[in-house]
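These are my notebook entries from a session of looking things up in one structure, kept in the order in which I went through it.

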Amino acid sequence: MNSNYYEILGVANTASPEEIKKAYRQLCRELHPDVAGSNPDAEDRIKDVNRAYQVLSDPGKRQQYDLGSDPLGPSGGGFDGGFGFSGGAGGFADLFDTLFTAAAGGGSVRGPASRRARGRDVLEALTLDLPEVVFGTSRDLNVPTYVRCEACDGSCCAPGTSPRTCGTCNGRGMVSRVVRSLLGDMRTASPCPACQGFGTVIDQPCAECAGNGRIRARQTVSLNVPAGVGSGTRLRVGGRGEAGTGGGPSGDLYVDISVRPHPDFVRDGDDLHCTLQIPMTAAALGATLSVATLDGERELSIAPGTQWGHVVSLDGLGVGRGGGPRGDLKVSIDAQVPDPSDDAERDLLRQLAQLRGEERPEARLAHTGAGGVFSRLRDRLSGR
Ligand SMILES: [Zn+2]
Ligand SMILES: [Zn+2]
């Protein structure tokens with residue numbers, strides 16, 4: 001066994017801490033079991049390399065070593081105790097993992113795969129009526145999904161049993177083999193076929209879930225729909241998707257909202273629109289009318305001489321998003337032209353026409369271009 005720590009790491013006596021660290025990492029990579037294979041020589045070298053690095057990476061111990069004494073004591077004695085090397089299941093793999101984790105920051109260790117896996121997200125569709133969107137609502141959804149197996153609490157094992165360490169891979173989850181190639185013999189690692197890479201074997205799977213740790217079931221989820229959502233809104237309920245396998249965390253539940261068209265009201269952003277049919281006489285003389293809004297009956301004042309298409313706003317009766325201030329209800333007036341049903345009505349209308357000098361009516365084109373009431377209304381209501 002080489003006891004010159006500088007030679008073991010392949011650095012000069014004057015090497016900087018960075019050079020020592022770099023050499024150590026390089027050796028760790030070279031001595032990785034996937035590269036070097038699990039042989040006693042490599043294992044011994046790893047012990048030496050680790051011992052050398054323990055001393056040379058610590059300024060105090062390095063100084064002591066440079067002065068001629070080994071801070072770790074006689075070679076071979078201090079390592080196991082000092083490093084907490086257990087020698088239990090996995091043995092060499094554990095040692096290597098410790099080494100490599102220390103060198104690489106923990107990201108590159110290939111250990112056994114976990115049976116615990118996060119469940120998938122679930123996507124549901126929900127159709128709402130307009131009032132539910134305006135005021136917000138809550139719904140109980142009955143979602144087909146996976147739930148954690150109660151019999152084994154997700155452990156996958158029959159009650160009273162537990163997984164045993166896989167004898168084929170000693171719990172590593174990986175087995176290595178030699179492949180002949182043009183470049184020579186290459187050692188490759190692949191998931192252990194005996195345990196599917198889990199490192200453990202379940203001899204008695206839970207009968208309820210067939211060893212999956214979860215079962216198919218319908219789950220009732222209370223969904224809180226905030227005011228102001230619309231068609232295309234996707235709501236998320238964290239942790240209410242499919243339960244994970246092996247006791248893993250659940251995915252999320254997503255709910256895509258669509259809104260049924262309402263017979264009377266059309267939504268435009270935060271505003272609602274409706275059309276109110278009133279008699280021509282009310283439009284001409286003015287009136288106070290009752291309108292059935294989503295908030296109940298509301299009074300609406302029509303000024304004398306109100307024209308067709310005129311819009312009256314009922315403020316605050318629209319949609320409020322996320323508890324914010326509500327938009328308005330825009331009521332456009334549709335004055336109904338009378339269809340005289342008898343001579344008396346016809347005579348009255350003729351008298352009115354006479355009074356207004358409209359017996360020979362003149363027609364003129366109304367301005368319907370951009371900005372006019374009619375065009376604004378048309379733009380708002382088309383295609384929404
Ligand atoms: Zn079970
Ligand atoms: Zn195995």
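Entry 1, a buried arginine. The model is predicted, and I began by listing the contacts of Arg 148, which, leaving aside neighbours within four places in sequence, are Asp 153, Gly 154, Gly 213, Arg 214, Ala 243 and Gly 247. Arg 148 belongs to strand β2, residues 137-148. Is Arg 148 buried or exposed? I found 20 other C-beta atoms within 10 Å of Arg 148, so it counts as buried, the cut-off for that class being 20 or more. I also noted that Arg 148 and Gly 248, 100 residues apart in sequence, lie 8.9 Å apart in space, C-alpha to C-alpha.

Entry 2, helix α2. I checked the length of α2, residues 17-30, against expectation: at 1.5 Å a residue its 14 residues should span 20 Å, and the end C-alpha atoms are indeed 20 Å apart, which agrees. Which residues of α2 are buried? They are Ile 20, Ala 23, Tyr 24, Leu 27 and Cys 28. Looking down the axis of α2, I saw these buried residues fall within an arc of 140 degrees, so they line one face of the helix. The general rule I had in mind is that an α-helix has 3.6 residues a turn, so residues three or four places apart point the same way. On the face of α2 turned away from the buried side I found the exposed residues Glu 18 and Glu 30.

Entry 3, the nonpolar cores. I then turned to the largest nonpolar core, which has 15 residues, and those touching the most other members are Leu 9, Tyr 24, Leu 27, Val 49, Ala 52 and Leu 56. Helices α1 (5-9), α2 and α4 (40-56) each supply at least two residues of this core, and α4 gives the largest share, six residues. For Val 49, leaving aside neighbours within four places in sequence, I listed contacts with Ile 8, Leu 9, Tyr 24, Leu 27 and Leu 31. Apart from this core lies another, of 13 residues, among them Ala 283, Leu 317, Val 319 and Leu 329.

Entry 4, strands. I traced an open sheet of three strands in the order β1-β9-β8, with mixed pairing. Why do β1 (122-128) and β8 (234-237) each have one side without a neighbour in the sheet? Both stand at the edges with a single partner strand, so one side of each is left free of a neighbour. The twist from one strand to the next averages 25 degrees. Strands β1 and β9 (residues 253-259) run parallel and are joined by seven bridges, and Leu 126 stands opposite Ile 257 in β9. Elsewhere I looked at β12 (residues 287-293) and β13 (residues 296-302), which run antiparallel and are also joined by seven bridges. A hairpin of two residues connects β12 to β13, and the bridge partner of Ala 287 in β13 is Ile 302.

Entry 5, positive phi. Most residues other than glycine have a negative phi, so I looked up two exceptions. Gln 196, in the loop between β5 (184-191) and β6 (200-201), has a positive phi of about 55 degrees. With 14 other C-beta atoms within 10 Å, Gln 196 is partly exposed. Ala 210, in the loop between β6 and β7 (214-225), has a positive phi near 55 degrees. With 12 C-beta neighbours inside 10 Å, Ala 210 counts as exposed.

Methods: Residues are numbered from 1 along each chain as its sequence is written. Chains are lettered from A and ligands numbered from 1 in the order in which they are written. This is a predicted model: local features need pLDDT of at least 70, side-chain atom pairs count only at pLDDT 80 or more; totals for chains, interfaces and linings use all residues. Two strands pair if DSSP finds at least two bridges between them. Axes are lines fitted to C-alpha atoms, for helices over the stretch in contact, and angles run from 0 to 180 degrees between N-to-C directions. The expected span of a helix is 1.5 Å times one less than its number of residues. The arc is that of the directions from the helix axis to the C-beta atoms. A nonpolar core is a set of buried Ala, Val, Leu, Ile, Met, Phe, Trp, Tyr and Cys residues joined through C-beta atoms within 7 Å. Two residues are in contact if their C-beta atoms, placed from the backbone, lie within 7 Å.
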